[in-house]
Every structure is written in C-alpha cells, then in structure tokens.
Amino acid sequence: MEVVVMDVDYREAFENAPVGLAVGRNRTIVAGNHEFARIFRGSIADMVGATFERLYPTQTDYEETGARVGERLASERSYTDDRVMRRLDGDLFWVRVSGFTYTPEHAHAHTLWVFSELDRAQPSGQSLRTTLTPRERDIATLLIDGRTGKEVAKALDISPRTVDIYRARLLRKYNAKNTQALVELLLRG
C-alpha cells in the first residue's frame, strides 16, 4: 500500500479551523483565526496586538486567572476550564478555554489557545468546580454582569421567582453564602 503525502497549508488550516484559535506572546494576541474573531464579535485586526485583558469580565479576573493559569502551564504545559469571558461588544458568555505553552519556564511567553463557545444548544461542559446547566449558565452570566434578580428575569423572559430558585441552586452548588461570593467563585472558573 502506497502512502501519499500531500502538502498541507498550515496557515489556511489555522485560519479556517472550526474552533477559535489564538497565539499569545506575554498575554498579547499575536494571531487569531476567523472563528476566534467571530466568537468574540470582532475582526482579527481588532484583536491582534491587544492583550487578552479586554476579553475578561474585569481586570482583577484577568490578573487572577493569569496567575492561576500560569502556574498550571509552568507545571503541566496545558490548561483547560470553562469560564465567563467578555465579547468586544461587552456581552458576557461562557466559553471552554484550552491552552498550551511552548515555554513552560516562562508560561505566558508563547502560548496557543483554543476557544469553544458554550451555548444553549451545546451540552454543559465540566468546569473545574461543577457542571452548570444551560439555564444556570444564562443566569450566572447575568449575575456576573451585575444584574439584579428582576433584571435577569426580564432579560431571560422568566419570573423573578424562577431566578431566585436558580440563584439558590447556584449558591448551593458553589457553597456560596451570597450572590457576591457566588460571582467571585464563578469568575475563578
């Protein structure tokens, strides 16, 4: 049996991959593909040269996640979690992030990141802490965005009582004493 070796255009494969791909250097985006731009609702040109900070809900979340992920990359070279991120238009959403470092001695110096959007049509992924249903993700995202129970209910077209039930469920899942503590736990991934 003869093996046929074909030329592969790796640039085209990167640019058109069905998942969001981004290359980072010291937490700055140096390359991204079309799906990465679509997921974050921007253009590749909008993103290249910017830091990943603009994709996080808060600067504190960016800094704390960077430290935590950096430790894991240094020891294991790879990292995966489900987290809330911010699109360029400001909307918060859930995404599965997987990363790899080429330079474990300087974890963030040269990285490759894969982003897969977790939406209502996809089954819930396993986060580092617990599994959330699609509705729990919807409510958690709006709580992280600082919305009140009534605002969450209006945004999702559900009753405030339903929001209270889901919030109580999330508080139990994360063993959080209040909504603020819940939001802090959710942002840690």
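1. In this predicted model, helix H5 passes helix H6 in a right-handed crossing. H5 spans residues 134–144 and H6 residues 149–156; their axes come within 10 Å and cross at roughly 130°. That angle makes H5 oblique to H6, since a crossing counts as roughly perpendicular from 65 to 115 degrees and as roughly antiparallel over 145.

2. On the H5 side, the contact with H6 is made by Arg135, Asp138, Ile139, Leu142 and Leu143. H6 contributes Val152, Ala155 and Leu156. By class, the residues of this contact divide into six nonpolar and two charged, with no polar residue.

3. Which residues of H6 are buried? They are Gly149, Val152, Ala153 and Leu156. Because these residues cover an arc of only 100° around the axis, they lie on the same side of H6. The face turned away from this buried side carries Lys150 and Lys154, both exposed. The buried residues pack against H5 and against helix H7, which comprises residues 160–174.

4. The second partner, H7, meets H6 with a different set of parameters. The two helices pack at an angle of about 110°, with their axes 8 Å apart. H6 and H7 are therefore roughly perpendicular to each other, the range for that term being 65 to 115 degrees. H6 passes H7 in a right-handed crossing, and the crossing of H5 with H6 is likewise right-handed.

5. In the contact between H6 and H7, Gly149, Val152 and Ala153 of H6 meet Pro160, Val163 and Arg167 of H7. The residues involved divide into four nonpolar, one polar and one charged. Val152 of H6 also takes part in the contact with H5.

6. Ala153 merits a separate comment. This residue is placed in helix H6 and has a relative accessible area of 3%; it is therefore buried, the cut-off being under 20%. Leaving aside neighbours within four places in sequence, Ala153 is in contact with Ile158, Ser159, Pro160 and Val163. Pro160 and Val163 are also among the H7 residues that meet H6. The C-alpha atoms of Ala153 and Asp164 are separated by 9.3 Å, the two residues being 11 apart along the chain.

7. A last point concerns the end of H6. What is the sign of phi at Asp157, the residue that follows H6? The phi of Asp157 is positive, near 55°.

How values were computed
Residues numbered from 1 in each chain as written. Predicted model: local features only at pLDDT ≥ 70, side-chain atom pairs only at ≥ 80, totals over all residues. Heavy atoms only, no water. Axes fitted to C-alpha atoms, helices over the stretch in contact; angles between N-to-C directions. Helix = DSSP H or I, 4+ residues; strand = E, 2+ residues; numbered from the N terminus. Parallel < 35°, antiparallel > 145°, perpendicular 65-115°, else oblique. Left-handed = near helix turned anticlockwise from the far one by under 90°. Contact = heavy atoms within 4.5 Å. Nonpolar A, V, L, I, M, F, W, Y, C, P; charged D, E, K, R; others polar. Buried < 20%, exposed > 50% of the residue type's maximum accessible area, 1.4 Å probe, protein only. Arc of directions from axis to C-beta.
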